[in-house]
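Colleague: I am new to this structure and would like a close look at a single part of it. Please take one residue, describe its surroundings, and then place it beside the rest.

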Amino acid sequence: MPSRPLPEALVRAAVQPSAEGADADLLGRFIATRDATAFAELVRRHGPMVLGVCRRALGNTPDADDAFQAVWLVLVRKAAGVSPRSAVGNWLYGVAIRTAAHARCVLTRRRTARQELPDVPDPKPHDPDAREIAAVLDTELARLPDRYRAAVVLCELEGRSLKEVAEQLGVPVGTVASRLARGRALLAERLKARGFAASVLAGLLAGATAPVSARLNELAVALLAIGPQEVARPVSELVRGVLSIMLAEKLKALGRVVVAVALGIGATAWAAWAASAGAQPQPEVPPATPAPPVVGEGNPFAGRLDPKLPRPPREEEAWDDLYRDEPYASRAVLELASSPKAAVKLFAEPGKLRALKADKEQIKKWITDLGSEKESTWKAAYLELDYFDPVLALTPAEAWAEAKTHAAKHRLAALLTARPEVMGVPDPVRPNPGAMDLVAQPPEFGRGGDTTYRVVVHDLRTLPMGFERPGRGLPPTETRTFPVASRVEDVRRPSWARATRAVVVLQHIRTPEALALLKEMASGHPDAQPTRVAKEALDRLNPKAP
């Protein structure tokens, strides 16, 4: 935070007793004029509830204080998006839940990378049941419908009376009482389903807030007066993460609405067409004439012209599109995400979505098969190595040593350089290039780093055969050098991009079968891109306390 003194007006706004008016009026004044007094009153009213959420997830630590400030900075930036304004307390609770969960995931990844043990002090070491229930309270409360959650947050977490909440939400007192009772009953049922006694709910709700110190209060109000560069780095990182999560949730909700509207329009149009078609007299259909026989012998297109040949399922086409560039891949992601059962079944098929676990001996065998004279053998090995990159188990030098023939080196060079279109693999029309060498470049003295590799290819034609060059003949050959990815984290393959997009689809589906596939993908090589994305998806879906 900035070291310069806070403006006097902001300090007065942070410590003065109370500003009159409902939450909606305070929020309206803040949106219209950036009124610091109105903002400070919102912090005073809802600060204990927000801080309670952060400390239940992160403990009484500086991380909880950073999360507390991040929640109010999100309000500063997104206040105009709160709707209805009277439900600003419920909105702040949702932001606090997202911020605390995101901060907990960040801490977990950081400690895992550093091999640290969690050192968050336990606020209630004498009561293990309370610790466990506090961990699931916010999870279950966040899953309540908005109307019930708003009543529980305002009455139970913030301690307001039924009359105050009724005036705040603009509904009768009896409605607030019934929503509160229903919300408490749902919470008790869900806690009981998790194995906790429902009788502890009242005590847990009573202690669900935390007093906000004058320092934290001043820091929250001071967010109005400082620029983005002056915000503490942990707070700004939390804000960016939470805003990204909120944007993703909005896009997901918008996508569901668009799909529902499209389905409704389609169903209405189909019903209207069916009704109009049924009302008209149907003409007599002449008997179908038999299709001419398809000549099979000597006709290379006989199988494609066969009317009985079934078309591949749409899921298979979507799987192929995941391998392609935009916009085909994006369309395939949306199609598969809208058909969860079919997508999970497709990904679970043998040879589809596989964890990047490389066996050194198997990699060597595939490299040897690259030199086979049988096209089916070397192409099968090429496809396997296109997914299970040789650097998963071998260094580029070790892989190159396994390629004994010119054909094997030619095809391995196409894999290591990720330039099959230049090497002409597996295109059988382009002539093979000349001699090839793998050159190692040691790290510069005193600078550290890893050894880098390059493939030098001689007598390489830069244009494919058949390219029209009137009066000029074939293009000349040349010697070219291509870099090789020597580390797994540097590998970029279309097959890995397809696996990563499939992981994104599984994260959206979230069924037990999808989670099982995500866990399998997360067990691959830790530096491979699909493995890292699968681990991050599991962290977001199943956040663990630091």
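Modeller: What follows starts at Asn90 and then turns to the nonpolar cores and to Asp386. Keep in mind that this is a predicted model.

Asn90 lies in helix H5, which covers residues 88-114. Its relative accessible area is 10%, and because the limit for a buried residue is under 20%, Asn90 counts as buried. The side chain of Asn90 has a polar partner: it makes a polar contact with the side chain of Arg149, at 2.9 Å. Leaving out residues up to four places away in sequence, Asn90 touches Arg149 along with Asp146, Ala150 and Val153.

Next, the largest nonpolar core. This core has 64 residues, and the members that touch the most other members are Val50, Trp72, Leu75 and Leu92. Helix H3, residues 36-58, gives the most to this core, with 11 residues. For Leu75, with neighbours within four places in sequence set aside, the contacts are Leu27, Phe30, Phe39, Leu42, Val82, Val88, Trp91 and Leu92. There is also a second, separate core of 62 residues, and among its members are Leu322, Tyr382, Leu517 and Leu538.

Asp386 can be described in the way Asn90 was. Asp386 sits in helix H18, residues 375-387. Its relative accessibility is 13%, so Asp386 is buried. Not counting residues up to four places away in sequence, Asp386 touches Tyr323, Leu415, Arg493 and Ser495.

Key:
Residues numbered from 1 in each chain as written. Predicted model: local features only at pLDDT ≥ 70, side-chain atom pairs only at ≥ 80, totals over all residues. Heavy atoms only, no water. Helix = DSSP H or I, 4+ residues; strand = E, 2+ residues; numbered from the N terminus. Buried < 20%, exposed > 50% of the residue type's maximum accessible area, 1.4 Å probe, protein only. Polar contact = N/O pair within 3.5 Å; in protein donor to acceptor, adjacent residues only side chain to side chain. Contact = heavy atoms within 4.5 Å. Core = buried A, V, L, I, M, F, W, Y, C linked by side-chain atoms within 4.5 Å.
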